[in-house]
Amino acid sequence: MEEKRYTILESPAGPLLLAGRGGALTDLRFGGARAVSRDPLWVRDDGAFAGIREQLDAYFRGELRRFSVRLAPEGTPFQLAAWRVLRRIPYGSTITYGEQARLMGRPGAARAAGGANRENPIAIIIPCHRVIGAGGRLTGFGGGLDLKRRLLELEGAAAAIR
């Protein structure tokens with residue numbers, strides 16, 4: 001198995017773990033060093049991910065609306081389908097978990113879509129923060145509801161939440 005390179009990025013969302021292999025991002029997780037795997041194939045490389053760092057910095061400054069990053073999330077077929085739908089949610093927009101399930105071709109699977117979102121390995125870039133509960137309620141987010149609200153405000157989607 002190929003080594004997985006990682007680094008920690010300090011950001012307005014707190015420390016973020018960036019990890020990947022073969023030039024593709026596999027992980028962007030909250031918690032920085034706490035999210036690092038103990039797997040011996042994980043190798044710290046603070047010189048890696050310069051382009052992703054620049055894009056994230058621009059996103060947090062409100063200057064970037066679409067990421068240009070090669071992604072390789074690892075998950076089940078259902079999770080991968082859920083995450084593909086997330087990538088199609090436009091910047092500044094939100095959808096509900098029910099809408100996400102319908103877009104996946106799985107009406108009635110809103111809870112399962114939420115579960116897939118909870119396992120999203122590439123936060124922010126695969127924008128699970130853009131999925132809200134019915135009626136505009138803020139619900140679950142790995143970075144906490146305060147951060148979810150701040151990301152939606154940054155993107156101009158705050159009017160959609162309550």
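**Exercise 1. Place Arg-87 in the fold.**

Task: Which residues does Arg-87 contact, leaving aside its neighbours within four places in sequence?

Solution.
- Step 1. Beyond those neighbours, Arg-87 is in contact with Leu-71, Ile-126 and Pro-127. The model used here is predicted.
- Step 2. Assign the element. Arg-87 sits in helix H2.
- Step 3. Judge exposure. The relative accessibility is 43%, so Arg-87 counts as partly exposed. The class runs between the cut-offs of 20% and 50%.
- Step 4. Compare sequence and space. Arg-87 and Arg-130 lie 43 residues apart in sequence, with their C-alpha atoms 9.8 Å apart.

**Exercise 2. Describe how H2 packs on H4.**

Task: At what angle do helix H2 and helix H4 pack, and how far apart are their axes?

Solution.
- Step 1. Recall the two descriptors. A packed helix pair is described by the angle between the axes and the distance between them.
- Step 2. Read them off. H2 (residues 77-87) meets H4 (residues 110-118) at about 85°, and the axes are 9 Å apart.
- Step 3. Classify the angle. Angles from 65 to 115 degrees count as roughly perpendicular. H2 and H4 are therefore roughly perpendicular to each other.
- Step 4. List the contact residues. H2 supplies Phe-78, Gln-79, Ala-82, Trp-83 and Leu-86. H4 supplies Ala-112, Ala-113, Ala-116 and Asn-117.
- Step 5. Sort them by character. The contact has 7 nonpolar residues, 2 polar ones and no charged ones.

**Exercise 3. Build the sheet.**

Task: In what order do the 4 strands of the open sheet lie?

Solution.
- Step 1. Write the order. The strands run E3-E2-E1-E4, with mixed pairing.
- Step 2. Find the edges. E3 and strand E4 (42-44) each pair on one side only, which makes them the edge strands.
- Step 3. Check the parallel pair. Strand E1 (residues 4-9) and E4 pair in the parallel sense over 3 bridges. Arg-5 has Val-43 of E4 as its bridge partner.
- Step 4. Check the antiparallel pair. E2 and E3 are joined in the antiparallel sense over 6 bridges. Leu-16 is bridged to Phe-30 in E3.
- Step 5. Look at the turn. E2 and E3 form a hairpin with 2 residues between them. Gly-22 in this turn has a positive phi of about 60°.
- Step 6. Ask how covered E3 is. Of its 7 residues, 6 are buried, so E3 is mostly covered.

**Exercise 4. Seat H1 on the sheet.**

Task: Which strands does H1 touch, and what angle does its direction make with that of E1?

Solution.
- Step 1. Name the strands. H1 packs on the sheet and touches E1, E2 and E3. The direction of H1 makes about 35° with that of E1.
- Step 2. List the buried face. The buried residues of H1 are Ile-52, Gln-55, Leu-56, Ala-58, Tyr-59 and Phe-60. They pack against E1, E2, E3 and H5.
- Step 3. Zoom in on Phe-60. Its relative accessible area is 16%, so Phe-60 is buried. Leaving aside neighbours within four places in sequence, Phe-60 contacts Ser-11, Pro-12, Ala-13, Leu-16, Ile-124, Leu-151 and Leu-154.
- Step 4. Look past the helix. Gly-62 follows H1 and has a positive phi, near 80°.

**Exercise 5. Map the core and its unusual backbones.**

Task: Which residues of the largest nonpolar core touch the most other members?

Solution.
- Step 1. Name them. Within this core of 39 residues, they are Leu-25, Leu-28, Leu-56, Ile-124 and Ile-125.
- Step 2. Find the contributors. Two or more residues each come from strand E2 (16-21), strand E3 (24-30), helix H1 (50-60), H2, H4 and helix H5 (145-154). H1 gives the most, with 5 residues.
- Step 3. Note the second core. Another core, of 5 residues, lies apart from it; Tyr-6, Ile-8, Leu-17 and Trp-42 are among its members.
- Step 4. Recall the backbone rule. Most residues other than glycine have a negative phi.
- Step 5. Inspect Ile-124. Its phi is positive, about 70°, although it is not a glycine. Ile-124 is found in the loop between H4 and strand E6 (131-132). Its relative accessibility is 0%, so Ile-124 counts as buried.
- Step 6. Inspect Phe-49. Its phi is positive too, near 70°. Phe-49 is in the loop between E4 and H1. With a relative accessible area of 14%, Phe-49 is buried.

Terms used. Residues numbered from 1 in each chain as written. Predicted model: local features only at pLDDT ≥ 70, side-chain atom pairs only at ≥ 80, totals over all residues. Heavy atoms only, no water. Axes fitted to C-alpha atoms, helices over the stretch in contact; angles between N-to-C directions. Parallel < 35°, antiparallel > 145°, perpendicular 65-115°, else oblique. Contact = heavy atoms within 4.5 Å. Nonpolar A, V, L, I, M, F, W, Y, C, P; charged D, E, K, R; others polar. Core = buried A, V, L, I, M, F, W, Y, C linked by side-chain atoms within 4.5 Å. Buried < 20%, exposed > 50% of the residue type's maximum accessible area, 1.4 Å probe, protein only. Pairing = 2+ DSSP bridges.
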